[in-house]
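Okay, thanks everyone for coming. I'd like to walk you through one structure today, mostly its charged side chains, its cysteines and how far to trust the model.

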Amino acid sequence: SIAPRMKIKIRLQLVAVVLAAAWTQGLAGEPYQVGEKWVYQHKGPRPMSQDLQPVRGDRVMDVLAVKGEAKSRRWSVKQVWGENDETPAVIHFDSEKQMHEIEIGTMMKVEFQPPTPSQWDLAPGAEKKFETKLLVMGFEVPIRYEVECLPNEAIEVPAGQFEDCQRVRVISHSVDQSGQPNKTRHDQWFHPDANGLVKEIFVYNYQSDDSYMGTSVLKSHTTP
């Protein structure tokens, strides 16, 4: 039926958003500033691309707004992949940097149960497993994460040299457009001077014959 196919397509888009959004590192209780912005040079297609066309232009994350008080306080962060992104996403985070909801384009909202961490607070050598469900259009879509914190590294990107970056590898277990099991691997480097993500490499269809890769590197990080 049409609904299950749409469910799978949306879930695939959401996995991309979830993993690509996992980079917040702000001050305790205030993970973002409204107007804060990250610009990344991206090489290759976006995650879960349907046509495998390279992204044209930059990948951009920026903080749009903060609303609510105490436990209901939410930061809204928009992500756009290049010049022709027809489905920009807005991710809503709490003060503990957990994702509660994603809006895709103008018509779709998805809820996380339970709320999902946007960055994994792990020391080098530590591992963690996490399961959540995406609630969308009356369906429950499970996602399982296997997270490993690798040794810290120094890396150089267009925004500069970053010493002692935290490096995290996340493998997500999901399904592809046909409903078959699928794995995606994300390697991410974080640094407090960038208030989050400095570099990311993803491999979609990880460990399969039709895998493909994309890489994002930080060009600039600005605050208001």
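Before I get to the cysteines, one cut-off: I'm calling a residue buried when its relative accessible area is under 20%, exposed when that goes over 50%, and partly exposed in between. And keep in mind that this is a predicted model.

So, cysteines. Cys 149 has a relative accessibility of 1%, so that one counts as buried. Cys 165 comes out at 0%, so Cys 165 is buried as well. How many disulfides does the structure hold? The count is 0. For anyone who wants the reminder, a disulfide is a covalent bond between the sulfur atoms of two cysteines.

Now to the charges. Side chains of opposite charge can pair when their charged atoms come close. In this model the count comes to 10 salt bridges, and I'll pick out a few.

Take Asp 58 and Lys 219, whose side chains meet in a salt bridge at 3.1 Å, N to O. Where do the two partners sit in the chain? Asp 58 is in the loop between β1 (37–43) and β2 (59–67), and Lys 219 is in strand β12, so to speak a link between distant parts of the chain, 161 residues apart. Is Asp 58 buried or exposed? Partly exposed, in fact, because its relative accessible area is 28%. Lys 219 is partly exposed too, at 35%.

Next up is Arg 185 with Asp 187, a salt bridge at 2.8 Å, N to O. Arg 185 has a relative accessible area of 19%, so Arg 185 is buried. Asp 187 is at 1%, so Asp 187 is buried too. This pair belongs to one network, in which salt bridges that share partners join Glu 153, Arg 167, Arg 169, Arg 185 and Asp 187.

The third pair is Glu 146 with Arg 144, again a salt bridge, at 3.1 Å, N to O. Glu 146 is partly exposed, with 27% relative accessibility, and Arg 144 is partly exposed at 33%.

Glu 146 also takes us to a histidine. Its side chain makes a polar contact of 3.3 Å with the side chain of His 173. His 173 lies in strand β9, residues 160–175. Buried or exposed, then, for His 173? Buried, because its relative accessible area is 19%, and the cut-off is under 20%. Once you set aside neighbours within four places in sequence, His 173 is in contact with Pro 142, Ile 143, Arg 144, Glu 146, Asn 182 and Lys 183. So both partners of that third salt bridge turn up in the list, Arg 144 and Glu 146.

For an exposed residue, look at Asp 210. You'll find Asp 210 in the loop between β11 (196–204) and β12 (212–222). Its relative accessible area is 51%, so Asp 210 counts as exposed. The side chain of Asp 210 has a polar contact of 2.7 Å with the side chain of Ser 208.

Last, confidence. The chain averages a pLDDT of 85, and 85% of the residues score at least 70. Which elements mark the two ends of the range? Helix α1, residues 2–20, has the lowest mean pLDDT at 47, while β1 has the highest at 97. Over residues 1–12 the pLDDT is below 50, and that stretch has 25 contacts in the model beyond near neighbours in sequence. Residues 22–28 also stay under 50, with 29 contacts beyond four places in sequence.

That's my tour; happy to take questions.

Technical notes
Residues numbered from 1 in each chain as written. Predicted model: local features only at pLDDT ≥ 70, side-chain atom pairs only at ≥ 80, totals over all residues. Heavy atoms only, no water. Helix = DSSP H or I, 4+ residues; strand = E, 2+ residues; numbered from the N terminus. Buried < 20%, exposed > 50% of the residue type's maximum accessible area, 1.4 Å probe, protein only. Polar contact = N/O pair within 3.5 Å; in protein donor to acceptor, adjacent residues only side chain to side chain. Contact = heavy atoms within 4.5 Å. Disulfide = S-S within 2.5 Å. Salt bridge = Lys/Arg side-chain N within 4 Å of Asp/Glu carboxyl O. pLDDT = per-residue confidence, 0-100.
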